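Good morning, colleagues. I should like to take a few minutes on the structure now being shown.

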Amino acid sequence: MKNMKEFSLIGHNMVPQHILIPENEVNKVLKEYGVDKEQLPKIKLADPVIVEIGAEIGDVIKVIRNSPTAGEAVVYRLVIE
Amino acid sequence: MSAVPKKIKEIQFGLISPKEFRKMSVTRVITADTYDDDGFPIEMGLMDPKMGVIDPGLRCKTCGGRAGECPGHFGHVELIAPVVHVGFAKLIRKILRATCRDCGALLLDSNQKKQYLEQIRMLRKIGQPIEDITNEAFKEARKPKTCQYCGARQLDVKVEKPSTYVEKDGTHEHKLMASDIRSRFEKISNDDIEVMGMDPSKARPEWTIMTVLPVPPVTMRPSITLESGQRSEDDLTHKLVDIIRINQRFQENREAGAPQLIIEDLWELLQYHVTTFIDNAVSGVPPARHRSGRPLKTLSQRLKGKEGRFRGSLSGKRVNFSARTVISPDPNLSISEVGVPLSMAMELSIPVNVTKRNLEEVREFIKRGPDNHPGANYVIRDDNRRLKVTDKNCEELAETLELGWKVDRQLKNGDIILFNRQPSLHRMSIMAHEVKVLPHKTFRLNPAVCPPYNADFDGDEMNMHVLQTEEARAEAKMLIHVQENILSPRFGGPIIGGIHDHISGMYMLTKGDNRVDKNDFLEMLRKSRITEIVEPAGEEDGKPYWTGKNVFSQILPDGLNMTYKALLCENCDTCKKEDCNRDAYVTIRDGQLLSGTIDEKAVGAFKGLILDRIVKDYTPAVALQFIDDMTRLAIRSIMHFGFSFGINDEDIPDEASAQISELLEEAEMRVMDFIIAFNEENLEPLPGRTVAETLELRIMQELGKARDATGEIAGKYLGLDNTAVIMAVSGARGSMLNLTQMAGCVGQQAVRGERIRRGYAGRTLSNFNHGDLGAAAHGFVKSSYKKGLSPTEYFFHAIGGREGLVDTAVRTSQSGYLQRRLVNALQDLEVQYDGTVRDTRGMVVQFKYGEDGVDPMKSDYSRPQTIRRIIEDVIGKEVE
Ligand SMILES: [Mg+2]
Ligand SMILES: [Zn+2]
Ligand SMILES: [Zn+2]
Ligand SMILES: [Zn+2]
């Protein structure tokens, strides 16, 4: 483990884009879908990408991945313990 | 926080103590009698009204509820002597063997106990099963010969039948009475009980020996009054009567000081009755029987098995307005129709509300009576009284019919019903059809709807459900009508379409330039919607003629344009397009078939491109009409040309046979060469393989090639006119491999992808030499099915065939369970109006269905090419 090289996950082509979105945008998303924060899909605080972008419990992450049929697929995830 | 449904955190199972039994009991039952001479239930009898009521009019003496309102209440019987509960016979045995016969201590030293306890507590905390630990504890505790605590010598405990325990001391045997066992269990300490995996506050071991028997409420064992006025009691009541009688006799005998032998006999009898009351199918215990000889259905028989409470009453129930019978084909029906036997149509009914508009119509049904289809079976007046329509009262009922009444009208042509075949693995397993009442006793359906149901006619049965409300009928018509399900959401193509003869028929009609005269033209299209004769294609001998392609074009919708390569295309290096020598280049312009042959790729279920185009570019109704026309045309056409198949069609000329044998001999020679090279250690191994593996691969490869070559020879001599060849190339049924095996050579038999090696030591059968590596000794079948197999070949073929059967059996059970798990996990997910997928708590599972919001049914075989297709259609040429 000691000699392993550290590298950033962000930008790796197998890792979709994770964006920490600000409070006002979170509210916009929640309103758009008519849901509470708890009804969003979840992502663990211990998830390597979350560790790297430094999000905290209760934050909402926007995940953008490429889709062969839809171009881009967006998912919002609530950071949990 | 949103309103999230509550979760069950845990379920606690335990034993009920005698104290609790008495507490929950509303009465002690002391007499085996049920009713007195006036027909009233006897107090403290088995039918005591404190335990609930079943007779209408009476009230429960405990809760005051009437029959139907009162759920029933338990009573109890005080057993004169304790008896073993059969359900715990095994546990009792384990505990007897693990505890001291004197002081009741668990026969483990305190360190071991501590260790096991720690492990159990840890596993409990993380929610893992503790059985492994407790089983080990029981095993260890069985070992000591003397008690670590009081020094008492331990004896072997033997079990006889289900619930008799015998202590063995050398040759001396001593029977343990239930009371002995009970008092021994009473001595076990709470800590020891925990090590045995039980919770002493919820389940003490002595509670597995019953001293009090709960009497189930009357409501779960109602008596039936027969027509003769005689009462017939439930099986459970019968059993309780036995128990109470023996209990009484036991008491009398004991009080009278009867000899020990008699007491023991009675005790055993009591044990027998309590055992069979709980479970009447214990091995080693003769089942208790009714006077007629029928075994009684007692407690566990009510729950267990297919017809038990769980599988029979909770997971599945019988429903009204349904019917089931064998299915058979009728190509003259529409795919949206189903032929219903007349006798079923007269039994099944649809409720009709009588209104001003339909009064006369409904009156007519009633007038016809119940035996004159389509009639009516019942009339429901506005006071909800249900009157049966009979031959005698039908005229009178029709006259008195009033607005607001309801009439149960018999099923008639055009009614919409649901049709289903199990296993219902996808949504097309239940579709809405229109009724067509027909004579005879089977359901009739168009063979083109067999694929979605996965039905055939080798004895399959199907179910029909008659919809009872307007809403249900409207919903069925709009959502699950056959025409709405031509496309499958599984792959975005048609799942309903031509099969077997439909494809052979279309193929023979459209291949090349068949010519038909006016009579045949009319005959073939007679059953379709076509009403006009088009201009003939030309004249021959002064008579007009039409081509097969003309005939097919008649049923294509106007404006259809398509270009594609048919199934029989050989993928030539340079396609000759319209001039293809196999007529495989299909072009359709404005609904006219200009070139190419119609085969499975055009109109077949799963693959039919023309079908697919029509459903997606026109309407489901047009597609339904097309399938109906196509299947009827195909059947007429196959009848026109004639089509038959027998094993003699696989006869090949002697020269072909000679070629085949020569070819196979050469292959065998090459195999021998490989073997010689192998034995002389000259065989070059393939990369990553041993020499032996290489030899096997080489032989398999060589023999595989040889078999295919025989197929080619056979195919060449059979020609494209051979009916089996027609079926294979058009995709109707069978393959060239089947033909090869029939006419050429069956080929290598394999087990797990390898040549057959099992059997005797060093050889497969005793008539081969040890270590023979040749083709024949390891399952190569040189003969064809037509020629017949030699005895050894036959044997190897059976081995290979068995593997196929086992594979399918295993696969279906595995995929069935896989499917069940998926369905259980996904069944509550729903696509909402905003396009999100959510569960019942409103939790978002997907923000857009499938990430792209595409309905897989309407996608083109799930490939993102719809836009390209539209552009191609508009500009008229291919785009990249
Ligand atoms: Mg079948
Ligand atoms: Zn009651
Ligand atoms: Zn002891
Ligand atoms: Zn071609």
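Which protein donors does the zinc ion, ligand 2, have? They are B:Cys60, B:Cys63 and B:Cys70, each through SG, together with B:His73 through NE2. These donors lie 2.0 to 2.3 Å from the zinc ion. Please bear in mind that this is a predicted model.

The geometry of the zinc site is tetrahedral, with angles of 107 to 113° among the four donor atoms. For reference, the ideal angle for four tetrahedral donors is 109.5 degrees. Along the chain, the donors of the zinc ion follow the spacing C-x2-C-x6-C-x2-H. Two of these donor residues may be described further. B:Cys70 has a relative accessibility of 4% and counts as buried, because the cut-off for that class is under 20%. B:His73, at 15% relative accessibility, counts as buried too.

I turn to the magnesium ion, ligand 1. B:Asp456, B:Asp458 and B:Asp460 coordinate this ion through OD atoms, at 2.1 to 2.2 Å. The spacing of the magnesium donors along the chain is D-x1-D-x1-D. Are B:Asp458 and B:Asp460 buried or exposed? B:Asp458 is exposed, its relative accessible area being 63%, whereas B:Asp460 is buried, at 11%.

Next, the contact between the chains. Chain B contributes 13 residues and chain A contributes 18 residues. The size of an interface is often given as the accessible area lost when the parts come together. Here chain B and chain A bury about 1300 Å² between them, and 59% of that area is on carbon and sulfur atoms. Four residue pairs are in polar contact between chain B and chain A, with both residues of each pair at pLDDT 80 or more. On the side of chain B that touches chain A, there are five nonpolar, three polar and five charged residues. The count of salt bridges between chain B and chain A is one. That salt bridge joins the side chains of B:Glu851 and A:Arg65, with an N to O distance of 4.0 Å.

Finally, salt bridges in general. Over all chains, the count comes to 46. Among them is the pair B:Arg381 and B:Asp383, whose closest N and O atoms are 2.9 Å apart. Both residues are partly exposed: B:Arg381 has a relative accessible area of 27%, and B:Asp383 has one of 45%. Another salt bridge links B:Arg529 to B:Asp629, with the closest N and O atoms 2.8 Å apart.

Thank you for your attention.

Key:
Residues numbered from 1 in each chain as written. Chains lettered and ligands numbered in written order. Predicted model: local features only at pLDDT ≥ 70, side-chain atom pairs only at ≥ 80, totals over all residues. Heavy atoms only, no water. Contact = heavy atoms within 4.5 Å. Buried area = accessible area lost by both parts, 1.4 Å probe. Polar contact = N/O pair within 3.5 Å; in protein donor to acceptor, adjacent residues only side chain to side chain. Nonpolar A, V, L, I, M, F, W, Y, C, P; charged D, E, K, R; others polar. Donors = N, O, S within 2.8 Å, 3.2 Å for Na, K, Ca; no water. Buried < 20%, exposed > 50% of the residue type's maximum accessible area, 1.4 Å probe, protein only. Tetrahedral: all angles 85-135°; square planar, octahedral: opposite > 155°, others 65-115°.
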